[in-house]
Amino acid sequence: MDLLRDALVWLFSAEQFQGDGSLPQRIAEHLGYTSVAVVVAIVLALPLGYFIGHTGKGHVWIVGITGGARALPSFGLILLLVLVLGVSQRQSAAILALVLLAIPPLLAGAYAGVAQIPRSVIDSARSQGMTEAQILFQVEIPLSLPLVMGGLRGAVLQVVATATLVAYVGLGGLGYDIIQGIPLRRFDQTLGAAIVVALLALVLDAAVAGASRWATPRGVLLGSFGDVRARDSSLARTR
Amino acid sequence: MKSLRKTTGLTGLALASALVFTGCAADSGSAETVVVGSQAYYSNEIIAEIYAQALEGAGYTVERQFQIGQRDAYLPELESGAVDLFPEYTGNLLQFYAPDAQATKADDVYAALESALPEGMTALAMSSATDQDSYNVTAEFAAANALESIGDLAALEGLVLGGNPELEERPYGPDGLLETYGVTVSFSGTGDVTVDALVAGELSVANVYSGDPRIAEYGLVTLADPEGLFLASNVVPIASGDWAIELASVIDPISAALTSEGLVALNLQSTKDQLSAAVIAATWLEANGF
């Protein structure tokens, strides 16, 4: 408990809020890497995931790739990409590593979000004369949102936690205080910065969860609760 | 009953004398077998292998106990005499036995180490080769500004010092540079890409270990530290027990021949050419006329 108290003292001491390397600056750096990586991953992964989900093409290897990519060692990936792209491009290299980390849960969310829609729903949309684009934008994407937002939550959590590693290649962020504190045996500093990372993760997770409730159509939202499942089974019985 | 007791007594005597005799035998026998140890650090293992091959060349039988690990693991072995010879580093070893020692210059550190070493361990003559924190610049930067010592940096402005994040807070970091040499720098915690950042021109000065093979690979210039900003850590053979005097005649010439540049070159053969410690050691001994 002493260590926790020391960490809080470190966190709220005046020197954390001034000059180069202040806590707000580290948080801004950390959030910067996180948001850029997640946005780029969304732009890349969601269209691909919807394409696969909508057409059903390539879903065999997408499962393999997303599964395998989750096992990539992130620290090694960052160092490798810095080596490949060169030290002057290490910002892009680190963001690329974070993007690669964020893609699998988003891709899997988009693909699985479409795949779990009952075939009969899509078939009835088509039989009513909806175009493929209408089916995608008015049926598949809205109905897939709960799973996509779940994927987004996973991606954000993974990236905000892993962004601590970019400090190993001199890019700052909250990881800087953590890895500086360990060899100096300043565990108040290490724990203090780790607490901020954990808080950021919780705040971001809550924000994405809120956004997902806001973004998901009311009907889908209602459909994801238990009483609807009861209605499903009663339907099955009458059938 | 009486005879039994007598027999037991005799057996005891026989056992005791046997022990005494084997004790003698072990003493004279071990004069031929020297146990050489090393850390689990490739550069340390190369030095230990050089010791081992030199001793073999001098007629000793050598048992290699390499890659024993950290100081907590192998120093008790050395103290007890289970290991006879071990390549060490003056500054780091001094810090282990005397964490509050103030000495930083090579000779002071060696003197302090000699008195700090526990009974049963002797430091042989140290080598000029070091494996310690050092400040390095690129060859072009050194030539353009006539840099040889850290103090020469004082005339320059806009210097960026790079190293692991903790360097920012170390006594030999930016504050120490200003205090000891009057050098003003800004700091960049470049961590694992420090050498690359120096070579790319992002940094002007980088904190690199003086035994790092990349010093030779990229032609870096290690700046001299006459004021002892860094804790000097020279390669030093540590011998256990009564071995010191006997082994010194074989090991001292090796310590004299091993330089910092030479150590970097040895390390480079391991990291770049992927040669084994045995091959590197044999080549070095031959090239240096042993």
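Helices α2(B) and α10(B) sit oblique to each other, because their angle falls in none of the other classes (under 35 degrees is roughly parallel, over 145 roughly antiparallel, 65 to 115 roughly perpendicular, the rest oblique). This is a predicted model, where local features need pLDDT of at least 70, side-chain atom pairs count only at pLDDT 80 or more, and totals for chains, interfaces and linings use all residues. Residues are numbered from 1 along each chain as its sequence is written, with chains lettered from A and ligands numbered from 1 in the order in which they are written.

Here is how α2(B) packs against its two partners:

| Partner of α2(B) | Axis distance | Angle |
|---|---|---|
| α10(B), residues 243–257 | within 10 Å | roughly 135 degrees |
| α11(B), residues 260–271 | 10 Å | about 110 degrees |

That second angle makes α2(B) roughly perpendicular to α11(B).

On the α10 side, B:Ile50, B:Tyr51, B:Ala54 and B:Leu55 of α2(B) meet B:Val250, B:Ile251 and B:Ile254, contact meaning C-beta atoms, placed from the backbone, within 7 Å. Those residues split into 7 nonpolar, no polar and no charged. Over at α11(B), B:Tyr42, B:Ser43 and B:Ile46 of α2(B) meet B:Leu263, B:Leu266, B:Asn267 and B:Ser270.

Now for a glycine elsewhere in the chain. B:Gly176 lies in helix α7 (residues 174–181) of chain B. It counts as partly exposed because it has 17 C-beta neighbours inside 10 Å (20 or more would be buried, 12 or fewer exposed). Beyond its neighbours within four places in sequence, B:Gly176 touches B:Pro171 and B:Leu229.

Notes. Axes are lines fitted to C-alpha atoms, for helices over the stretch in contact, and angles run from 0 to 180 degrees between N-to-C directions. Helices (H or I, at least four residues) and strands (E, at least two) are DSSP runs, numbered from the N terminus. Two residues are in contact if their C-beta atoms, placed from the backbone, lie within 7 Å. Ala, Val, Leu, Ile, Met, Phe, Trp, Tyr, Cys and Pro count as nonpolar, Asp, Glu, Lys and Arg as charged, and the others, Gly among them, as polar.
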